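Here is a quick walk through one model, with the charged side chains getting most of the attention. Have a look at the sequence and the structure before reading on.

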Amino acid sequence: MSLKYCQGTSCHQYTTKDRLRGNKGNKTFQTRRRTSFYYGKGNFCSLNCQNDWFNDFGNKAIDHFGRLTEPKHLTEENAWVKDYDYRGGMNDRSFYFVNKITKEQRPLTQEQFNDNNYTLNER
Ligand SMILES: [Zn+2]
C-alpha cells in the first residue's frame with residue numbers, strides 16, 4: 001500500500017509526537033503520512049487540517065467550480081429519494097421511492113434500491 005500525505009496546509013505546524021520525525025539533532029515536525037485518512041475524501045488527517053485547507057483555498061475552489069449566485073430548487077421532478085421500511089426485521093424490508101415534495105411513494109425492488117444509477121429523478 002502506498003503512503004500519501006495529508007493535504008492540510010498547516011499539518012506540520014501541529015506539534016504532536018507522531019509528526020516529529022528525523023534523527024537526533026535533526027528532528028522536524030512533518031506533514032502526516034498514512035495509507036488512508038478519514039477526512040475530506042481521504043485527503044486530510046483531521047478536521048482541523050481539512051478546515052485549514054478550506055480557509056486557504058476554499059474561495060479559489062468555489063470560484064473555479066462555480067459559485068452559486070441564485071438558489072437551487074428541489075422540484076417534484078427531482079425530489080425522489082430511496083427509502084425502506086422494516087416490516088418483520090432485517091430480512092423483510094420493503095423498498096420504495098418517496099417524493100419529498102408530493103409524498104407519493106412507489107415500490108422498488110432490492111436490486112433497484114442497491115443500484116446507485118437507478119433513479120426517477122430527471123437529470
Ligand atoms: Zn494533517
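Which residue in β7 does Y96 stand opposite? The partner is P107. Keep in mind throughout that this is a predicted model.

**The hairpin**

Y96 and P107 face each other where two strands run side by side. Strand β6 covers residues 93-99 and strand β7 covers residues 105-108, and the two pair in the antiparallel sense over four bridges. Together β6 and β7 make a hairpin, with five residues between them. If you're checking backbone torsions, stop at K103: this turn residue has a positive phi of about 70°.

**Salt bridges**

Side chains of opposite charge can pair when their charged atoms come close. How many salt bridges does the structure hold? The count is four, and the table lists some of them, including the N to O distances.

| Pair | N to O distance |
|---|---|
| R32 and D18 | 2.6 Å |
| R34 and D18 | 2.9 Å |
| D63 and R67 | 2.8 Å |

Start with R32 and D18, whose side chains meet in a salt bridge. R32 sits in the loop between β3 (28-29) and β4 (33-34), while D18 sits in the loop between β1 (4-5) and β2 (20-21), so this pair ties together parts that are 14 residues apart in sequence. As for solvent, R32 is buried, with a relative accessible area of 17%, whereas D18 counts as partly exposed at 29% relative accessibility.

D18 also has a salt bridge to R34. R34 is in strand β4 and D18 is in the loop between β1 and β2, so here the parts tied together are 16 residues apart in sequence. R34 counts as partly exposed, at 31% relative accessibility.

Then there's D63 with R67. Both ends get the label partly exposed: D63 has 49% relative accessibility, and R67 has a relative accessible area of 41%. Which residues do salt bridges with shared partners join into one network? They are D18, R32 and R34.

**An acid without a partner**

Now for D52, which is placed in helix α1. Is D52 buried or exposed? D52 is buried, yet it has no salt bridge. Why no salt bridge? The cut-off is a Lys or Arg side-chain nitrogen within 4 Å of a carboxyl oxygen of Asp or Glu, and the nearest side chain of opposite charge, R19, is 7.8 Å away from D52. What D52 does touch, not counting residues up to four places away in sequence, is T9, S10 and Y14.

**Helix start and a surface patch**

Helix α1 spans residues 47-65, and L47 belongs to it. L47 counts as partly exposed at 47% relative accessibility. With Y38 and Y39, L47 makes a nonpolar surface patch of about 390 Å².

**H12 and its contacts**

Last stop: H12, found in the loop between β1 and β2. Leaving out residues up to four places away in sequence, H12 touches F29, Q30 and T31. How far apart are the C-alpha atoms of H12 and Q30? They are separated by 4.6 Å, although the two residues are 18 residues apart along the chain. Even with those contacts, H12 counts as partly exposed, at 33% relative accessibility.

Conventions. Residues are numbered from 1 along each chain as its sequence is written. This is a predicted model: local features need pLDDT of at least 70, side-chain atom pairs count only at pLDDT 80 or more; totals for chains, interfaces and linings use all residues. Side-chain values use heavy atoms; hydrogens and water are left out. Patches are made of residues with over 30% relative accessible area and no salt bridge: like charges are joined within 9 Å, nonpolar side chains (Val, Leu, Ile, Met, Phe, Trp, Tyr) within 5 Å. Accessible areas come from the Shrake-Rupley method with a 1.4 Å probe; for residues, only the protein chains shown count as cover. Buried means under 20% relative accessible area, exposed over 50%, partly exposed in between (1.4 Å probe, protein chains only). Lys and Arg count as positive and Asp and Glu as negative; His and the chain ends are not counted. Contact means heavy atoms within 4.5 Å. Two strands pair if DSSP finds at least two bridges between them.
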